[in-house]
Structures are given as structure tokens and as C-alpha cells.
There are 2 protein chains.
Amino acid sequence: MKIYETRSAPNPRRVRMFLAEKNIEMEYVQLDLQKGENLSAEMRAKNPLGKVPVLELDDGTCIAESDAICTYFENIQPDPPLMGVDAKDKAVVAMWQRQVELALMMQVGLCFQHTTGYFKDRMVPVAEFGEEAGINASKYLNILEHRLETHPYLAGERFTIADITALCAIDFARVVKIRLQDKHKNLHNWYERISARDSASA
Amino acid sequence: MKIYETRSAPNPRRVRMFLAEKNIEMEYVQLDLQKGENLSAEMRAKNPLGKVPVLELDDGTCIAESDAICTYFENIQPDPPLMGVDAKDKAVVAMWQRQVELALMMQVGLCFQHTTGYFKDRMVPVAEFGEEAGINASKYLNILEHRLETHPYLAGERFTIADITALCAIDFARVVKIRLQDKHKNLHNWYERISARDSASA
């Protein structure tokens with residue numbers, strides 16, 4: 001079993017942190033995104049969308065998408081639970097995980113790609129749209145701040161995959177100069193707690 | 001238990017179809033998206049992102065995001081399984097579900113919003129970006145066509161939530177004039193089979 005990834009990219013960090021929380025060792029194969037090593041015919045056969053990370057199982061099955069890779073490990077090693085413990089809790093975790101992905105991580109990524117032209121060899125950057133994505137990401141921090149007024153973690157009383165995704169997104173957001181603001185007191189407190197976990201440096 | 005939704009919107013259809021496959025009856029509350037009924041203070045309290053569908057449980061817990069709502073019902077009523085049957089299968093389903101969401105449904109939605117200005121009272125449409133999103137969606141149909149050369153359903157041998165998402169996305173794509181092409185022979189065959197299920201009219 002191995003994972004193809006790029007150490008400096010935000011989504012692979014989500015999976016490394018998830019595995020560190022479960023104390024699962026993994027073999028990692030590094031790909032250079034800027035050189036397009038993720039877009040080779042060999043990697044396209046593993047993941048048609050050409051993105052990282054990709055988990056390759058010993059039988060050759062490839063699983064792309066950070067959330068899908070984590071789903072695999074949550075099921076083969078449920079302890080500690082990071083994706084919920086019963087039907088309602090699993091749904092609440094899935095909701096926060098997805099909203100953090102779509103309204104924060106993805107918006108930051110779109111802002112980065114469209115305002116910097118980092119991948120302009122493989123997509124058409126539209127700066128106006130990138131700036132809008134950055135504004136969307138900033139606004140979503142206010143929703144997280146509100147949530148953390150009444151809950152210690154994003155999905156409730158327990159640390160989950162949604163906290164991992166949010167931490168990785170907030171750290172990634174520095175590349176487009178989006179940072180927590182002074183008004184984000186609960187989010188600052190949460191950020192310090194999550195950043196202090198051993199898994200945060202995985 | 002009830003679901004707030006908009007009957008004509010593509011994401012609520014995904015949940016209705018999922019529930020129909022599981023033969024679960026549901027109370028639906030209709031919201032007019034164009035009038036912004038989904039953005040009222042009452043609905044924002046249920047889902048801060050102001051989107052539909054939203055499942056409200058009898059204890060007041062609200063679950064937004066189509067995939068999270070389906071996760072809830074998959075766990076309370078596993079039969080028939082629509083999100084995989086073991087760790088590897090669940091991960092494969094989660095991967096296809098997510099890639100169809102991101103590379104097809106979301107691209108069609110962005111194309112629609114950015115080229116038509118349908119929600120221009122609440123976002124800044126950027127036509128150039130919308131057109132790029134439409135091209136992305138069209139290209140992804142070729143990936144689905146290739147997948148269906150060797151598998152009867154997107155996630156493999158069994159009908160799953162990924163097929164539901166793809167059907168709803170392909171039907172929605174008509175609004176931006178993206179349609180299956182003659183070269184998509186396997187996708188056409190799959191589309192006929194999935195459209196013929198009773199749940200497709202839910």
C-alpha cells in the first residue's frame with residue numbers, strides 16, 4: 001500500500017494528518033505538481049482527474065480524493081473515530097467536512113489558482129473570479145467563528161476530520177494572504193489547540 | 001423529520017432519488033430559490049451556507065449537503081446499500097461520488113450561475129469562468145464514458161449514489177446545453193438504464 005502525494009500541497013496534508021491521528025504508517029511517493037508529474041499517463045491511469053493524493057492498495061485498486069482515502073482507513077481502523085460514531089453524528093461530521101471543503105479549502109484553492117496563474121499551463125486563470133473566491137473563503141471564517149462559540153470542535157464535542165480539513169485550509173490560505181482576524185477569538189483558540197496536536201506536523 | 005428543498009433544483013433531486021431507492025417516505029417543504037427563501041434568517045440558522053436540501057430531524061438537528069443527508073439514511077437503513085458494502089467498496093463509491101460532484105455537477109452549476117447570471121443578486125457572475133466550467137464538465141463526460149467501457153455502473157458492479165449524482169448532473173446540464181454526444185455510446189446505454197429506474201422520477 002502506498003500514497004502518491006506532494007508534500008507541500010494542502011490536500012495530501014489532510015490525509016497524512018488523518019493517518020497520524022490513527023497511528024497508521026504509510027509509504028509515500030512524491031510527485032512534483034509544477035512539473036506535471038501528476039499528469040503522466042501512468043498517474044492518469046490511477047486517477048483520471050490527475051490530482052493528488054492517490055492511495056494505491058496492494059491489489060492495485062486506486063482511491064483518489066482525500067475524503068475517500070480517509071473513508072477507507074476509517075473503515076479498516078475505526079479507532080479513534082474521526083468521521084462520527086452513529087448515524088446522526090456521522091451525518092453532522094460529513095456536513096461540516098463537506099462545507100469546510102467547499103466553502104473554505106476549495107475557495108482558497110480557486111483563489112490561488114486564478115489569481116497567481118500557478119497552473120496556467122493547464123487551465124485558464126480568471127483573476128476576477130479568483131478574487132471572488134478569496135472573498136468567499138474570508139466570509140466562511142465568520143461562520144466557523146460562530147460555530148465555535150458553542151462547540152469545542154467543528155462537528156461538536158469531538159475532534160474529527162472536519163477539524164483536520166479546516167486546519168489545512170487555514171494554513172494554505174496564507175498563500176493568498178487570507179488569515180484569521182482579531183475578531184475571530186474562538187477560531188484563534190481552536191486553531192491553537194488543533195495546531196498543537198502531534199498530527200499537525202505529519 | 002422533514003427536508004427543505006426546491007423541487008426543480010438538481011441537488012434535492014439527488015436526495016429524493018436516494019430515498020426512493022431505499023423506499024423511505026419523507027415530508028418535503030418547498031423553498032423558492034429565486035425569491036431567496038433559502039436565505040432567510042430561519043433557513044440560515046438551519047444551514048449557514050443557505051443552500052438546499054436541508055434535512056431537519058425530529059430533535060431539531062439540521063443536516064445540510066446532499067451527501068451528508070444520504071450518509072444519514074445509509075446508516076439508519078443500510079438496505080439496499082448505495083454507498084458501498086465494505087471498506088474498499090465504500091472508498092471506491094466515495095471517490096466516484098465526489099469526482100462526479102466536483103468535476104461534473106459543480107462545473108455545470110458554476111457554468112449555469114456564471115453564464116446566465118441567475119443568482120446575480122447574491123454573487124458576481126464572471127462569464128469567462130463560467131464558460132471554462134462548462135468545458136470542464138464536457139471533458140469529464142469522456143472520463144465517465146471510458147469508465148463505463150469496463151463497468152456497468154460508475155463505482156463498479158452495483159448501482160450506487162454515484163450513479164444518482166451523475167444522472168442528476170447530466171439532466172441538469174441541459175440548462176447550459178451540455179449533452180451526451182454520439183461518441184458516448186457506453187454513457188448513453190448507462191443513461192437509459194439509470195433513467196428507467198422508478199427512482200429517477202422521484
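This is a short tour of a predicted two-chain model, going from chain A to the interface and then to a few side chains.

**Stop 1: chain A by itself**

Hide chain B for a moment and colour chain A by secondary structure. You should find seven helices and four strands. Walking from the N terminus, the order of elements is β-α-β-α-β-β-α-α-α-α-α. The radius of gyration of chain A comes out at 17 Å, close to the 17 Å that the globule rule gives for 202 residues, so chain A is as compact as a globular protein of that length. Line the view up with the principal axes and the C-alpha atoms fill a box of roughly 50 × 45 × 30 Å.

Now colour by accessibility. Of the 202 residues in chain A, 59% count as buried. If you like contact maps, pull one up too: among contacts in chain A between residues at least 6 apart in sequence, 66% join residues at least 24 apart.

**Stop 2: bring chain B back**

Show both chains and select whatever is in contact across them. On chain A you pick up 38 residues, and they meet 38 residues of chain B. Between them the two chains bury about 3,300 Å², with 70% of that on carbon and sulfur atoms. Which three residues should you click on in chain A? Go for A:Lys88, A:Arg98 and A:Gln99, which supply 17% of the area that chain A buries against chain B, more than any other three residues.

Keep both chains on screen and turn to polar pairs. Between chain A and chain B there are twelve residue pairs in polar contact, counting pairs with both residues at pLDDT 80 or more. Next, see which elements of chain A are involved: strand 4 (62-64), helix 3 (66-76), helix 4 (87-116) and helix 5 (127-148) each supply at least two residues of the side that touches chain B. Helix 4 of chain A gives the largest share of that side, with 14 residues. Colour the side of chain A that touches chain B by residue class and you get 23 nonpolar, six polar and nine charged residues.

**Stop 3: salt bridges across the interface**

Side chains of opposite charge can pair when their charged atoms come close. Over all chains, the structure holds 24 salt bridges, and six are found across the interface of chain A and chain B.

Zoom in on B:Arg98 and A:Glu65. These two form a salt bridge, and their closest N and O atoms are 3.2 Å apart. B:Arg98 sits in helix 4 (residues 87-116) of chain B, while A:Glu65 is in the loop between strand 4 and helix 3 of chain A, so the pair joins two chains. Are these residues buried or exposed? Both B:Arg98 and A:Glu65 are buried.

Leave those sticks on and add A:Arg14 and A:Glu101. Together with A:Glu65 and B:Arg98, they are linked in a network of salt bridges.

Now select A:Arg98 and B:Glu65. Here too there is a salt bridge, with the closest N and O atoms 3.2 Å apart. A:Arg98 is in helix 4 of chain A and B:Glu65 in the loop between strand 4 (62-64) and helix 3 (66-76) of chain B, so this pair also joins two chains. A:Arg98 is buried, with a relative accessible area of 8%. B:Glu65 counts as buried as well, at 12% relative accessibility.

**Stop 4: a salt bridge inside chain B**

Move over to B:Glu74 and B:Lys22. The closest N and O atoms of this salt bridge are 2.8 Å apart. B:Glu74 lies in helix 3 of chain B and B:Lys22 in the loop between helix 1 (10-21) and strand 2 (27-30), so the pair ties together parts that are 52 residues apart in sequence. B:Glu74 has 10% relative accessibility and counts as buried. B:Lys22 is buried too, at 3%.

**Stop 5: A:Tyr140**

Finish in helix 5 of chain A, where you will find A:Tyr140. A:Tyr140 is buried, with a relative accessible area of 2%. What does A:Tyr140 touch, leaving out residues up to four places away in sequence? Show A:Trp96, A:Gln99, A:Val100, A:Ala103, A:Leu104 and, from the other chain, B:Leu49. To end, put a distance on A:Tyr140 and A:Leu104: 36 residues apart in sequence, they are 6.5 Å apart in space, C-alpha to C-alpha.

Key:
Residues numbered from 1 in each chain as written. Chains lettered and ligands numbered in written order. Heavy atoms only, no water. Contact = heavy atoms within 4.5 Å. Buried area = accessible area lost by both parts, 1.4 Å probe. Salt bridge = Lys/Arg side-chain N within 4 Å of Asp/Glu carboxyl O. Polar contact = N/O pair within 3.5 Å; in protein donor to acceptor, adjacent residues only side chain to side chain. Nonpolar A, V, L, I, M, F, W, Y, C, P; charged D, E, K, R; others polar. Rg over C-alpha atoms; globule rule 2.2 N^0.38 Å. Buried < 20%, exposed > 50% of the residue type's maximum accessible area, 1.4 Å probe, protein only.
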